[in-house]
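The exercises below are meant to be worked through with the sequence and the 3D view open side by side. Try each task before reading its solution.

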Amino acid sequence: MPDEITRLSEALARDPSGMGWVPLADALRRARRLAAAERTAVRGLERHPYHADGHDVLARIAADGADLGRARDEWEMALRLDARHVGARLGMGWLSWHSGDREAAQRWWRGAHELAPHDPRVQAAGRQ
């Protein structure tokens, strides 16, 4: 993981106006460096506020930090920007499942499955 973060950080430094902040923020999130991940995502969204993937990664960071309200807000924003955003649909399904609304979770996950049936994230969600 540190090698991946270093590689992604260097790529972002070479192209600071590019979209390299999304995979970097996600790598930092997976490494449980949530504060750094959030800073990276917020800075990226300042430059690219209409980027659905950026709102999705910020939602996952918030969810990992147990800020479920913010996660919901960010996934809803991602869906406003791209109604077909698979990651946001999966996230909304996870939030529904987490809150005990299994029926809503299944609806979100079915919607994701219709869009990306071979996506491993979608297949994993369907096994809940």
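**Exercise 1. Contacts and cores**

Leaving aside its neighbours within four places in sequence, with which residues is Ala41 in contact?

Solution. Keep in mind from the start that this is a predicted model. Once the neighbours within four places in sequence have been set aside, the residues in contact with Ala41 are Trp21, Ala25, Val57, Leu58 and Ile61. The next step is to place Ala41 in a wider group: the largest nonpolar core has 17 residues, and those with the most contacts inside it are Leu24, Leu28, Ala41 and Ile61. At least two residues of this core are supplied by each of helix 1 (2-14), helix 2, helix 3 (34-47) and helix 4 (52-64), and the largest share, six residues, comes from helix 2. There is also a second, separate core, which has eleven residues and includes Ala63, Ala78, Leu79 and Met92. As background, nonpolar side chains in soluble globular proteins tend to be buried together.

**Exercise 2. A salt bridge within one helix**

Describe the surroundings of Asp26, beginning with the element in which it is found and ending with its salt bridge to Arg29.

Solution. Asp26 is found in helix 2, which covers residues 21-30. Its relative accessibility is 14%, and because the cut-off for buried is under 20%, Asp26 counts as buried. If residues up to four places away in sequence are not counted, Asp26 touches Val57 and Arg60. The salt bridge joins the side chains of Arg29 and Asp26, with 2.8 Å from N to O. Both residues lie in helix 2, three residues apart, which is about one turn of the helix. Arg29 is buried, as Asp26 is.

**Exercise 3. A salt bridge between distant parts of the sequence**

Find the closest N and O atoms of Asp64 and Arg32, and explain which parts of the chain this pair ties together.

Solution. Asp64 and Arg32 form a salt bridge in which the closest N and O atoms are 3.7 Å apart. Asp64 lies in helix 4, whereas Arg32 lies in the loop between helix 2 and helix 3, so the pair ties together parts that are 32 residues apart in sequence. Turning to the surface, Asp64 has a relative accessible area of 29% and is partly exposed, while Arg32, with 52%, is exposed.

For a further example, look at Arg107 and Glu103, whose side chains meet in a salt bridge of 3.4 Å, N to O. Both lie in helix 7, four residues apart, about one turn of the helix. Arg107 is partly exposed, with a relative accessible area of 45%, and Glu103 counts as exposed at 59% relative accessibility. Across the whole structure, a search finds ten salt bridges, and those that share partners join Glu4, Asp26, Arg29, Arg30, Arg32, Asp56, Arg60 and Asp64 into one network.

**Exercise 4. The aromatic pair**

Decide whether the pair formed by Trp97 and Trp109 is stacked, edge-to-face or tilted.

Solution. A pair of aromatic rings is described by the distance of the centres and the angle of the planes. For Trp97 and Trp109 the distance is 5.6 Å centre to centre, and the angle between the planes is 35°. Planes under 30 degrees apart count as stacked and those over 60 as edge-to-face, so the pair of Trp97 and Trp109 is tilted. Trp97 lies in helix 6 (residues 86-98) and Trp109 in helix 7 (residues 102-115), so the pair ties together parts that are twelve residues apart in sequence. Trp97 counts as partly exposed at 24% relative accessibility, whereas Trp109, with a relative accessible area of 6%, is buried. A charge belongs in the picture too, for the charged end of Arg102 sits over the ring of Trp97, 4.1 Å from its centre.

**Exercise 5. The whole protein**

Compare the radius of gyration of the protein with that of a compact globule.

Solution. Begin with the secondary structure: the protein has eight helices and zero strands. A compact globule of 128 residues would have a radius of gyration near 14 Å, and the protein has 15 Å, which agrees. The C-alpha trace spans about 45 × 30 × 25 Å along its principal axes. Of the 128 residues, 42% are buried. Finally, among contacts between residues at least 6 apart in sequence, 42% join residues at least 24 apart.

Definitions and conventions. Residues are numbered from 1 along each chain as its sequence is written. This is a predicted model: local features need pLDDT of at least 70, side-chain atom pairs count only at pLDDT 80 or more; totals for chains, interfaces and linings use all residues. Side-chain values use heavy atoms; hydrogens and water are left out. Rings of Phe, Tyr and Trp (its six-membered ring) pair if their centres lie within 6.5 Å; planes under 30 degrees apart count as stacked, over 60 as edge-to-face and the rest as tilted. Buried means under 20% relative accessible area, exposed over 50%, partly exposed in between (1.4 Å probe, protein chains only). A charge sits over a ring if NZ of Lys or CZ of Arg is within 6 Å of the ring centre and within 35 degrees of the ring normal. Contact means heavy atoms within 4.5 Å. A nonpolar core is a set of buried Ala, Val, Leu, Ile, Met, Phe, Trp, Tyr and Cys residues joined through side-chain atoms within 4.5 Å. A salt bridge is a side-chain nitrogen of Lys or Arg within 4 Å of a carboxyl oxygen of Asp or Glu. The radius of gyration is taken over C-alpha atoms; the globule rule is 2.2 Å times the number of residues to the power 0.38.
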